Each structure stands twice: as structure tokens, then as C-alpha cells.
Amino acid sequence: FPVSVVLPAGGTGERTGLQTPKQFCTFLGRPLISYTIQAFESVPWIQSIVVAVAKENMDLMTDIIQRFKHRKVRAVPGGSTRHRSICNGVLALGEEERPAVGRPKVVIIHDAVRPFVEEDFLCKIAMAAKEQGAAGAIRPLVSTVIATTSEGYLDHSLERAKYRASEMPQGFTYDVISQAYQRCSESDFEFGTECLHLALQYCGTNAKLIEGPPTLWKVTYKRDLAAAESIIKGEFL
Ligand code: C5P
């Protein structure tokens, strides 16, 4: 069944404290995002990849894309929030330019700053999304999650064993993800962080959760850049 990918890459990466957004930081001569694109581009059963990028990085992105030999990667303008960037990508999948490529059955969404995703896990997500409507990666929690009072005191804590961290990739049938974005509200676009939640809330679909490997982690802080470089060099996995 046809599978396409949306990579939100429209962020400015403020948390790394660097001038360059983290997806464009260079590792062994290549921007981080090119490793993420490669992880998808090398998968034969993926028919197209749409990358959502901020306007100011569009030229840079076009340059990166041109280095991939298959013509299945393209860039679209990102949005002011992560959801708007993803939504732009999903809309673009409905307007494929190559005549032989139709609408995908399944859309995989993955952050541009999680470069180490592997084909076998993508396959699990795509299969589960096709069967259930939606599927997403989870990881056990490293720290306990607590709620604080507005004055900065402990309100309550959650039982760690019962909860999981929601990671990427996530997969959806095209119908579910496009309808979720048509039906959701302005505030979902502004504040929502979870595509799976939109699918559940607006399409009533099941969301299958699958535990992924630790390498799905998101490059977020400056120290993550050093860890990512070590993995790319093959020093540890
Ligand atoms: O900021 P955060 O780490 O949650 O961003 C996750 C992903 O969402 C990144 O790949 C980032 O580029 C993307 N994003 C986006 N459009 C925005 C904000 C973030 O595509 N407006």
C-alpha cells in the first residue's frame, strides 16, 4: 500500500541556544536533516517525502534536497506552529505533481530532528496505522512526571509505570490525518502537541502504541548535538 512521509522541519530550535536551527547543524559535512531524509529516502516502499520548512530556510532546503538522487523529496512552506507545518505537509500530499503517484494510504509523520529511525520500525508503524487508523512510538519514562502548583510546590505525582513518553514516528491513514486537521480548532493548531490525540478526538480512531528503540530520541539541546555526532560516526548506538 502507498506510504508517504511528512517531516516537520519548520522550527527555529531555540532550545539548543544556537543561531542555526538544529535540523540544519552540520555533522561530518552534512546537515542533520539530510540524515533524517536519507533514513526515509532509502526505504523502497515509501513513495514520497514532504519536508515543511520556514520560508527563510527554503533555499537551503532546496539545495539539500537536490543532493538526493530519487525525486521523491520536496519542500513546502512550514507554519507558525508544528501542527501548521504538519498540516501544510499533509495538504501537499494531496497535490502530488508526479502523475504516477496517487494519494497515499498511510502518512508517516516524523520530526526532522530524529535522524536515527530505522526501516523495520517504520514498517511496524505503517502496518499498525493502516489497520487501526493511527499508531505512534512510545518509550518508557526516564523521570517521574509531577504536577506543580502555581506557587512552585508539589501538587501530585504520576505513577511512572503507568505512563509512557510519546515519541515519533506516528502513522495515520491519509483519511484520518487529513480529516483531523480539517475538523480541529484554532487552539489545537496553536497549543496541541500530539497528532495522535487529534486523530482520537476528531476521528474517533484507535491509536496503537508501539515501543520504539532509544535511538528515536529527539535532538533538542546542545549536548544532544554531540551525542548525535557520535552516533553518526558509529561510536555508539
Ligand atoms: O520544537 P520541537 O523540538 O518540538 O520541534 C519538533 C519538530 O517540529 C522539529 O523538527 C521542528 O523543526 C518542527 N517544527 C515545525 N514548525 C514549527 C515548529 C516546529 O515544523 N513552527
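This is a short talk about one protein model, its ligand and its salt bridges.

Hi everyone, and thanks for coming. Before anything else, please keep in mind that the model is predicted.

Let's begin with the overall picture. The protein has 237 residues, and its radius of gyration is 18 Å. A compact globule of that length would have a value near 18 Å, so the two agree. If you lay the C-alpha trace along its principal axes, the spans are about 55 × 40 × 35 Å. The secondary structure adds up to eight helices and 11 strands. How many of the 237 residues count as buried? The share is 49%.

Now for the ligand. Which residues come nearest to it? There are 16 residues around the ligand, and the nearest are Pro8, Gly10, Gly11, Gly79 and Ser85. Sorted by class, this shell contains four nonpolar, seven polar and five charged residues. Two elements that each give the shell at least two residues are strand β1, residues 3-9, and helix α3, residues 82-93.

Let's look at some individual contacts. Pro8 places a backbone N or O atom 2.7 Å from an oxygen atom of the ligand. Gly10 also has a backbone N or O atom at 2.7 Å from a ligand oxygen. With Gln23, the contact comes from the side chain: one of its polar atoms is 3.4 Å from an oxygen of the ligand. And how much of the ligand does the protein cover? On its own, the ligand has 470 Å² of accessible area, and the protein covers 83% of that.

Next, salt bridges. The structure holds 11 of them, and I'd like to walk you through a few.

Start with Arg84 and Glu190, where the closest N and O atoms are 2.8 Å apart. Here distant parts of the chain are linked, since Arg84 sits in helix α3 and Glu190 in helix α6, residues 186-191, with their positions 106 residues apart. Glu190 has 37% relative accessibility, so this residue counts as partly exposed.

A second pair is Arg98 with Glu96, with 2.9 Å between the closest N and O atoms. Are these two buried or partly exposed? Glu96 is buried, because its relative accessible area of 18% falls under the 20% cut-off. Arg98, at 27%, counts as partly exposed.

The third pair is Glu211 and Arg139, whose side chains meet at 3.9 Å, N to O. Glu211 belongs to strand β11, residues 206-211, and Arg139 to strand β7, residues 133-140, so this salt bridge ties together parts that are 72 residues apart in sequence. Glu211 is partly exposed with a relative accessible area of 48%, and Arg139 is partly exposed too, at 21%.

Some salt bridges also share partners: Arg82, Asp111, Arg114 and Glu167 are joined into one network in this way.

One last stop, at Gln38. This residue is in helix α1, residues 32-41, and is partly exposed, with a relative accessible area of 36%. Where does Phe68 lie in relation to Gln38? Along the chain they are 30 residues apart, and their C-alpha atoms are separated by 8.0 Å.

To wrap up, I'd suggest keeping two pictures in mind. One is the ligand, with 83% of its accessible area covered by the protein. The other is the pair Arg84 and Glu190, which links helices α3 and α6. Thanks for listening, and I'm happy to take questions!

Key:
Residues are numbered from 1 along each chain as its sequence is written. This is a predicted model: local features need pLDDT of at least 70, side-chain atom pairs count only at pLDDT 80 or more; totals for chains, interfaces and linings use all residues. Side-chain values use heavy atoms; hydrogens and water are left out. A residue is near a molecule or strand if one of its heavy atoms lies within 4 Å of it. A polar contact is a pair of N or O atoms within 3.5 Å; within protein, one must be able to donate a hydrogen and the other to accept it, and residues adjacent in sequence count only if both atoms are side-chain atoms. Accessible areas come from the Shrake-Rupley method with a 1.4 Å probe; for residues, only the protein chains shown count as cover. Helices (H or I, at least four residues) and strands (E, at least two) are DSSP runs, numbered from the N terminus. Ala, Val, Leu, Ile, Met, Phe, Trp, Tyr, Cys and Pro count as nonpolar, Asp, Glu, Lys and Arg as charged, and the others, Gly among them, as polar. A salt bridge is a side-chain nitrogen of Lys or Arg within 4 Å of a carboxyl oxygen of Asp or Glu. Buried means under 20% relative accessible area, exposed over 50%, partly exposed in between (1.4 Å probe, protein chains only). The radius of gyration is taken over C-alpha atoms; the globule rule is 2.2 Å times the number of residues to the power 0.38.
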